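Let's walk through how two chains meet and which side-chain pairs turn up along the way. Here is the structure to keep in view.

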Amino acid sequence: MIASDFDPASFEIVNVVDTCAVWNLVSSPTLYNSARAAGLKACVTGFVQYEALVKPRTSPTAEDAELVARASKAISTKEITVHPLDIEDLQDIEVLRARKALGRGELSSIVFAKKVNIAMLSDDRKATTLAGEVLASKSRATTTPRLLGWLLFYSHLSIADVEVVVQEHQAMCRPLEPHFRRMVEIIEGYMRVARGMGGGPRPV
Amino acid sequence: MTFDTSLFASKLSRYRAQFQLDVDDFVRLTGIKSDRVCALEAGEVKPTGDEVLILADVFKCDYRFFISSERVAPFEETEELFRRHGNALTREDRWAIQEFLHLCECEAFLLDVLGRHPSVAPFVYVPKDKYFKRDGANAAKALRAHLGLETRQDITDVFDLLRRLGLRVFRRSLQNSEVSGLFVRHPIAGLCILVNYSEDVYRQRFTAAHEACHAFLDTDQGFVVSFESGSSKWSRDDLVEIRANAFAGQLLLPDDLVSELPKVTWTLDNVTTFANKVRVNPVTLMFRLSDLNLIDEATIKNLRRSVKIPIEAKVDPEIGTGLTPLQAERKLRLLRLGLSAHYVGLCFDALQEGHVSKGRVAEMMLCDERELQGVAALFGRVLS
């Protein structure tokens with residue numbers, strides 16, 4: 001999920017977010033509020049809105065209910081905006097080819113990112129790989145750990161804040177803690193280089 | 001590619017009718033407002049791309065079904081099936097059948113991307129005998145020969161054997177216990193068999209073999225629904241069903257195997273013991289003995305009412321061992337949805353090999369993405 005070629009300077013602030021990444025984004029209020037304050041513009045497709053807020057869950061937990069409430073609030077206050085797709089967007093040959101390899105939320109997000117020429121935020125390896133191929137540049141396919149890296153690199157969050165982010169994220173039973181920690185290592189490496197102390201990021 | 005608004009409107013309203021969804025139900029399921037639903041069904045407006053994806057998600061089909069005229073979903077088959085057997089299939093059963101067809105389509109895709117093709121050449125048998133019962137038995141003998149089975153050989157795992165022939169086989173619970181199984185010819189997934197998981201595992205083996213006969217010999221029909229022999233829907237005059245029973249009996253209990261049984265007076269004990277050994281119900285064994293004149297009608301009549309293998313003795317081998325009661329209960333719930341070890345294995349293999357995303361695997365396993373870790377653990381897999 002975290003590539004060694006991650007360049008915080010190339011992180012794009014306008015992102016369409018797939019369902020899984022919506023949960024990861026709102027799982028930590030510290031991460032989410034910091035990202036918004038730093039200028040992150042997050043949007044979702046109409047399908048992702050349905051998947052996150054309407055689709056019945058097979059065995060919902062208290063954490064699910066909390067995440068749904070947070071996503072619902074973010075959407076209703078337009079912190080996260082919702083955008084529709086056209087039928088023609090689904091008839092794109094590349095999209096048709098990818099349709100059986102991706103979930104519908106991931107697919108709709110790639111389609112929208114391609115259509116309006118913005119980045120896509122997803123925490124699935126296959127989805128980000130395909131997004132990297134379909135979108136204008138590889139850096140247009142990004143992840144929640146990369147968002148964290150961007151916030152750390154530009155000091156919107158401190159290394160000490162990461163513990164709070166991890167705690168909040170884990171309290172919602174989300175799975176990115178190892179990836180967050182790896183990103184901290186990468187950013188610390190960049191910072192050492194920037195301060196002239198040597199020792200770049202460890203390849204991953 | 002031009003979009004046909006009238007065709008879309010017709011598909012939407014007919015799908016809603018198939019699943020007996022009124023507008024309120026539909027609004028609750030999709031989040032699409034009622035006036036919008038009416039306008040879409042009247043062909044007054046074109047759907048958005050999101051709405052098309054939502055409908056594909058709700059109706060468990062490829063979204064291309066709604067935006068093209070290609071036959072990518074067994075829509076006509078289910079429409080006719082639900083129309084003809086409307087009284088026998090509850091709304092829940094209709095959804096169960098739709099999910100089963102979704103699993104079949106996903107399995108076909110998974111086998112394709114994983115490069116796993118049927119290990120046995122396709123079996124072809126042209127019905128040739130006007131005497132249906134004999135034709136069923138001959139077809140089973142031909143299939144056993146095609147598979148290279150010895151004439152006395154018992155079949156340990158009939159589900160696996162049928163999958164190796166390229167059939168899609170899923171065991172799924174239906175509310176109506178009178179339906180033992182069904183066969184559907186899917187335009188993408190091919191020959192698909194649903195076995196009612198609500199029945200005991202020995203009966204499920206027989207049903208799988210019975211439905212296989214429909215798949216091989218009744219392919220000109222889009223679907224066949226099989227009812228329990230005690231059901232009001234079952235008819236002694238239905239020759240196709242009689243042929244399928246003869247096929248299943250011969251496939252699971254071939255003549256040579258039955259003929260080799262000790263020539264004894266059949267009692268409750270020895271019928272039960274032998275039936276248990278070859279994993280069939282005693283009634284099936286007695287019918288096969290009767291076919292070969294190895295038991296008389298009076299004995300069958302006498303034993304039939306009392307002979308029974310306790311349900312706890314008929315263990316589903318897929319549940320496995322070493323699970324806590326809670327885990328076993330969760331696994332049973334998944335098995336009842338049709339998620340066999342075979343199918344779950346394909347899903348996780350495709351994920352591991354990078355063919356599909358986790359979101360797609362969740363869709364294919366009828367669950368949420370966050371549940372995947374737990375499902376993986378129940379089936380002895382690790383999700384990285």
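How many residue pairs are in polar contact across the interface of chain A and chain B? The rule finds 24 such pairs, with both residues at pLDDT 80 or more. A polar contact here is a pair of N or O atoms within 3.5 Å; within protein, one must be able to donate a hydrogen and the other to accept it, and residues adjacent in sequence count only if both atoms are side-chain atoms.

Some housekeeping. This is a predicted model, where local features need pLDDT of at least 70 and side-chain atom pairs count only at pLDDT 80 or more, while totals for chains, interfaces and linings use all residues. Residues are numbered from 1 along each chain as its sequence is written, chains are lettered from A and ligands numbered from 1 in the order in which they are written, and side-chain values use heavy atoms, with hydrogens and water left out.

## The interface

The elements that give two or more residues to the side of chain A that touches chain B are α3 (46-54), α5 (87-90), α6 (93-98), α7 (104-116) and α8 (125-134) of chain A. Helices and strands are DSSP runs numbered from the N terminus (H or I with at least four residues for a helix, E with at least two for a strand). The largest share on that side comes from α3(A), with five residues. By residue class, the chain A side splits into 16 nonpolar, nine polar and 13 charged. For that split, Ala, Val, Leu, Ile, Met, Phe, Trp, Tyr, Cys and Pro count as nonpolar, Asp, Glu, Lys and Arg as charged, and the others, Gly among them, as polar.

Counting by contact (heavy atoms within 4.5 Å), chain A brings 38 residues and chain B brings 39 residues. About 3200 Å² is buried between chain A and chain B, and carbon and sulfur atoms give 51% of that. Buried area means the accessible area (1.4 Å probe) that two parts lose on being put together, summed over both. On the chain A side, A:I87, A:K100 and A:R104 lose the most area to chain B, together 25% of what that side buries.

## Salt bridges

Side chains of opposite charge can pair when their charged atoms come close. The rule used here asks for a side-chain nitrogen of Lys or Arg within 4 Å of a carboxyl oxygen of Asp or Glu. The whole structure has 45 salt bridges over all chains, and eight are found across the interface of chain A and chain B.

A:R104 shows up again here: it forms a salt bridge with B:D57, with the closest N and O atoms 3.0 Å apart. Both residues belong to a salt-bridge network that links A:K55, A:R104, B:D57, B:R360 and B:E363.

Here are some pairs that sit within one chain.

| Pair | Closest N to O |
|---|---|
| A:K115 and A:D86 | 2.9 Å |
| B:D25 and B:R28 | 3.7 Å |
| B:E80 and B:R84 | 3.3 Å |

Where do A:K115 and A:D86 sit? A:K115 is in helix α7 of chain A and A:D86 is in the loop between β3 (80-83) and α5 of chain A, so this pair links distant parts of the chain, 29 residues apart. A:K115 is partly exposed at 39% relative accessibility, and A:D86 is partly exposed at 36%. The cut-offs are under 20% relative accessible area for buried, over 50% for exposed, and partly exposed in between (1.4 Å probe, protein chains only).

The chain B pairs in the table each stay inside one helix. B:D25 and B:R28 lie in helix α2 (residues 23-30) of chain B, three residues apart, about one turn of the helix. B:D25 counts as buried at 15%, while B:R28 is exposed at 54%. B:E80 and B:R84 lie in helix α6 (residues 75-84) of chain B, four residues apart, again about one turn. B:E80 is partly exposed at 26%, and B:R84 is partly exposed at 48%.

## Aromatic pairs

A pair of aromatic rings is described by the distance of the centres and the angle of the planes. Rings of Phe, Tyr and Trp (its six-membered ring) pair if their centres lie within 6.5 Å; planes under 30 degrees apart count as stacked, over 60 as edge-to-face and the rest as tilted. That rule gives 23 aromatic pairs over all chains.

One of them is B:F100 with B:F170, edge-to-face at 6.3 Å centre to centre and 70° between the planes. B:F100 is in helix α7 (residues 91-113) of chain B and B:F170 in strand β1 (residues 168-172) of chain B, 70 residues apart. B:F100 is buried at 1% relative accessibility, and B:F170 is buried at 1%.

B:F123 and B:F216 also pair edge-to-face, with 5.1 Å between centres and 85° between the planes. B:F123 lies in the loop between α7 and α8 (132-146) of chain B and B:F216 in helix α10 (residues 201-217) of chain B, so the pair ties together parts that are 93 residues apart in sequence. Both B:F123 and B:F216 are buried.

Finally, one aromatic cluster in chain B is formed by B:F3, B:F8, B:Y15, B:F19, B:F26, B:F59, B:F65, B:F66, B:F75, B:F82 and B:W95.
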